[in-house]
Amino acid sequence: MNLKKLSTILYFLAVLFFLNKIGIAPALAALPTISLSETVGGSVLYTYQSACELTAGKKEYGIILPQNNPQVDTIYLYFHGYQASTPKTMCESGGGDVGHGLCANAAKLKTQGVNPAIIVPQGKDKILEDGLNTSATKIKCVVEEAKQELQQLITNGVLTTVNNSNWIVAGHSDGWGPVKNFLANYSANKTLLFDACYSTGCAD
């Protein structure tokens, strides 16, 4: 390797190091591709294969938006907790663990003057129980990736604006751990807990 080529490489590495130190390093990992999955109950479900390690083997995450609604003023982050659910079953209606009805509820929120995006990470049975398998770092990965996916929907022309400062975080069926770990790094305008802790977790 000649001296000129070596100097160029060292300069490039130094620039990357400097950008990382001041917090604006370029993303080295490719952003997961987001695509339209289905239209249900007046809403649309977009899905992407997450690069975050929240749950081994369960990578499909979803973003639910009301149809023909290009603005997002409220971001909901929904941790389903104890039972295994895919973005599809969380979108669809059916009751219990068959369907959570989030797509119909997103459309209903629109009629009430709210422009929501509902983020639905996919876990599996007991993965969120007592928060043992989540951490603030893992939840931060989920949140930052979701922000990038929403920005990608702007780039794709699906959305025009997203308010990233208005978050409502929900934990269902022992889903208190991820909510707690979200609050370690971020502020939520509201937290919603549904049957969200059992035994030791309730002390927190």
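1. Let's start with the overall layout. The chain has five helices and 11 strands. Please keep in mind as you read that this is a predicted model. Of the 204 residues in the chain, 41% are buried. Among the contacts with a separation of 6 or more, 64% are accounted for by residues 24 or more positions apart.

2. Now to the sheet. Seven strands come together as an open sheet, and their order is 1-2-3-8-5-10-11 with mixed pairing. The edges are taken by strand 1 and strand 11 (190-194); each has a single partner strand, so one side of each is left without a neighbour in the sheet. On average, and with direction ignored, neighbouring strands of this sheet are turned by 20° against each other.

3. One edge of the sheet deserves a look in your viewer. Strand 1 pairs with strand 2 (residues 43-49) in the antiparallel sense, and six bridges hold this pairing in the assignment. If you would like a landmark there, find Ser 35, which stands opposite Thr 47 in strand 2.

4. Next, helix 4, which covers residues 136-155. Does its length fit its residue count? Put as an open question: how far apart are the end C-alpha atoms of helix 4, and what should the helix span? At 1.5 Å a residue, its 20 residues should span 28 Å, and the end C-alpha atoms are 29 Å apart, which agrees. Just after helix 4, Gly 157 takes a positive phi of about 85°.

5. Where does helix 4 lie? Helix 4 lies across strand 1, strand 2, strand 3 (60-66), strand 5 (74-79), strand 8 (116-120) and strand 10, and it runs at about 50° to strand 3. The buried residues of this helix are Ile 139, Val 142, Val 143, Glu 145, Ala 146, Glu 149, Leu 150 and Leu 153. You may like to note that Glu 145 and Glu 149 are on that buried list.

6. Helix 5 (residues 176-183) has its own set of strands. It lies across strand 5, strand 10 and strand 11, running at about 155° to strand 10.

7. On to the aromatic rings, where the count comes to three aromatic pairs. Trp 167 and Phe 182 form one that is tilted, with 5.8 Å centre to centre and 45° between the planes. This pair links distant parts of the chain, with Trp 167 in strand 10 (residues 167-172) and Phe 182 in helix 5, 15 residues apart. Are these two residues buried or exposed? Trp 167 is buried, at a relative accessible area of 4%, and Phe 182 also counts as buried, at 0% relative accessibility. Ring pairs link Trp 167, Phe 182 and Tyr 186 into a cluster.

8. Now the charged side chains. Side chains of opposite charge can pair when their charged atoms come close. How many salt bridges does the structure hold? The structure holds three. In one of them, Glu 38 pairs with Lys 88, and the closest N and O atoms are 3.3 Å apart. Glu 38 lies in strand 1 (residues 34-40) and Lys 88 in helix 2 (residues 87-91), so this salt bridge ties together parts that are 50 residues apart in sequence. Glu 38 counts as buried at 16% relative accessibility, because the limit for buried is under 20%. Lys 88, in contrast, is partly exposed, with a relative accessible area of 41%.

9. Another salt bridge joins Glu 92 to Lys 88, with the closest N and O atoms 2.9 Å apart. Glu 92 is partly exposed, with a relative accessible area of 22%.

10. The salt bridge in helix 4 is between Glu 144 and Lys 147, where the closest N and O atoms are 3.4 Å apart. These residues are three apart in helix 4, which means that about one helical turn separates them. Glu 144 counts as partly exposed at 30% relative accessibility, and Lys 147 is partly exposed too, with a relative accessible area of 23%. Elsewhere, salt bridges that share partners join Glu 38, Lys 88 and Glu 92 into one network.

Note on methods:
Residues numbered from 1 in each chain as written. Predicted model: local features only at pLDDT ≥ 70, side-chain atom pairs only at ≥ 80, totals over all residues. Heavy atoms only, no water. Helix = DSSP H or I, 4+ residues; strand = E, 2+ residues; numbered from the N terminus. Expected span 1.5 Å × (residues − 1). Buried < 20%, exposed > 50% of the residue type's maximum accessible area, 1.4 Å probe, protein only. Phe/Tyr/Trp six-rings, centres within 6.5 Å; stacked < 30°, edge-to-face > 60°. Salt bridge = Lys/Arg side-chain N within 4 Å of Asp/Glu carboxyl O. Pairing = 2+ DSSP bridges. Axes fitted to C-alpha atoms, helices over the stretch in contact; angles between N-to-C directions. Contact = heavy atoms within 4.5 Å.
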